[in-house]
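Please examine the structure shown below, together with its sequence. The paragraphs after it are meant for a reader who has not seen it before.

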Amino acid sequence: MTFASAAVQSPVSAPAVVLTIAGSEATGGAGAQADLKTFQELGVFGIANLTCIVSFDPSDNWNHRFVPVDQQVIADQLEATTAAYGPASGRPVLDTVKIGMLGSPATISTVAAALEAGRFRNVVLDPVLICKGQEPGHALDTDQALKAQILPLATFVTPNHFEAESLSGLAITDIESLKASAIRIHELSGAAVLAKGGVRLAGPDAVDVYYDGETLEVLSAPKVGEVAVSGAGCSLAAAVTAELAKGATPLEAARSAKVFVTAGIRNRVASGAPFDALWQGGPR
């Protein structure tokens, strides 16, 4: 029996289609690479449109070497993806997108225009506000543009400790202040929020807070070490994205993503870099 005949005789349901708009991270632990691996593990068809190329510099304290993708190339990727899977295809199966590292005000404007035109049902924003080693003035301009142009378009936001402080304007030192930041970010954006305390808050558990305007829930799991793991934030947002695309509610997606990432951290991958990487196959 050929593969083709087997496929005809045993049809399967088409998977949900999801898009990540993010950077490439050369070690494979984070960025679009982490997103695609997460999508595959969770049973959705993943597409990546790249905004930048990031490679750590081992000779410079592992700071980022950041190279933006040309704006026309970003626009071309988005055009091709939406033509193939979006409303223009006649079969609009792509309604869920994850936003990762954008890296510049120009890229933010390009992506914002695509989001406004794309009529996405779910827009999951992982608000990457800092690129380690990036020139401070440029980083500030990028942060301000992200807050002004992308945050209002998001339906779900997954800030880490630093990003939650930046977006909310609040100092986060404990669970109560993490709750306050999640509420504040929801008030600013209208989006569901999963504010991540992770290993940054004292105590035996890695604590995140979910808030959607009605439900406030603390998601907690025992810490797996006291050091952040590369790709945890990307994978969490990607897992939320995948679950939403499959029909989960935002709260269900947050709960599932927390379990997925905790298992991935527990089964982390070590390398010659001074950090470990989450393994998306950890829950198997």
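The text that follows considers a lysine in a strand, a pair of helices, and several loop residues.

The model is a predicted one, and residues are numbered from 1 along each chain as the sequence is written. A suitable starting point is K196, which belongs to strand 7, the stretch covering residues 192-198. Is K196 buried or exposed? Its relative accessibility is 10%, and because residues under 20% are classed as buried, K196 counts as buried. Its surroundings can be listed by name: leaving aside residues up to four places away in sequence, K196 touches D126, T158, P159, N160, H161, L178, V207, D208, G233 and L236. One of these neighbours, T158, also takes part in a polar contact, in which the side chain of K196 reaches the backbone oxygen of T158 at 3.1 Å.

The next topic is the packing of two helices. Helix 2 spans residues 31-41 and helix 8 spans residues 232-245; their axes come within 9 Å of each other and cross at roughly 40°. An angle of this value is neither under 35 degrees nor in the range from 65 to 115, and therefore helix 2 is described as oblique to helix 8. The crossing of helix 2 past helix 8 is right-handed. Which residues make the contact? Helix 2 contributes G31, A34, D35, T38 and F39, while helix 8 contributes C234, S235, A238, A239, T241 and A242. Sorted by class, the residues in this contact of helix 2 with helix 8 are six nonpolar, four polar and one charged.

The loops deserve separate attention, beginning with their backbone angles. Most residues other than glycine have a negative phi. N61 is not a glycine, yet its phi is positive, at about 55°. This asparagine sits in the loop that joins strand 2 (45-57) and strand 3 (63-68). With a relative accessible area of 56%, N61 is exposed. R119 likewise has a positive phi of about 55° without being a glycine. The loop containing R119 runs between helix 4 (105-118) and strand 5 (122-125). Its relative accessibility is 63%, so R119 counts as exposed.

A final loop residue is A248, located between helix 8 and helix 9 (250-266). How much of A248 is accessible? The relative accessibility of A248 is 21%, so this alanine counts as partly exposed. Apart from residues up to four places away in sequence, A248 touches E243 and A253.

Conventions. This is a predicted model: local features need pLDDT of at least 70, side-chain atom pairs count only at pLDDT 80 or more; totals for chains, interfaces and linings use all residues. Side-chain values use heavy atoms; hydrogens and water are left out. Helices (H or I, at least four residues) and strands (E, at least two) are DSSP runs, numbered from the N terminus. Buried means under 20% relative accessible area, exposed over 50%, partly exposed in between (1.4 Å probe, protein chains only). A polar contact is a pair of N or O atoms within 3.5 Å; within protein, one must be able to donate a hydrogen and the other to accept it, and residues adjacent in sequence count only if both atoms are side-chain atoms. Contact means heavy atoms within 4.5 Å. Axes are lines fitted to C-alpha atoms, for helices over the stretch in contact, and angles run from 0 to 180 degrees between N-to-C directions. Angles under 35 degrees count as roughly parallel, over 145 as roughly antiparallel, 65 to 115 as roughly perpendicular and the rest as oblique. A crossing is left-handed if the near helix is turned anticlockwise from the far one by less than a right angle, and right-handed if clockwise. Ala, Val, Leu, Ile, Met, Phe, Trp, Tyr, Cys and Pro count as nonpolar, Asp, Glu, Lys and Arg as charged, and the others, Gly among them, as polar.
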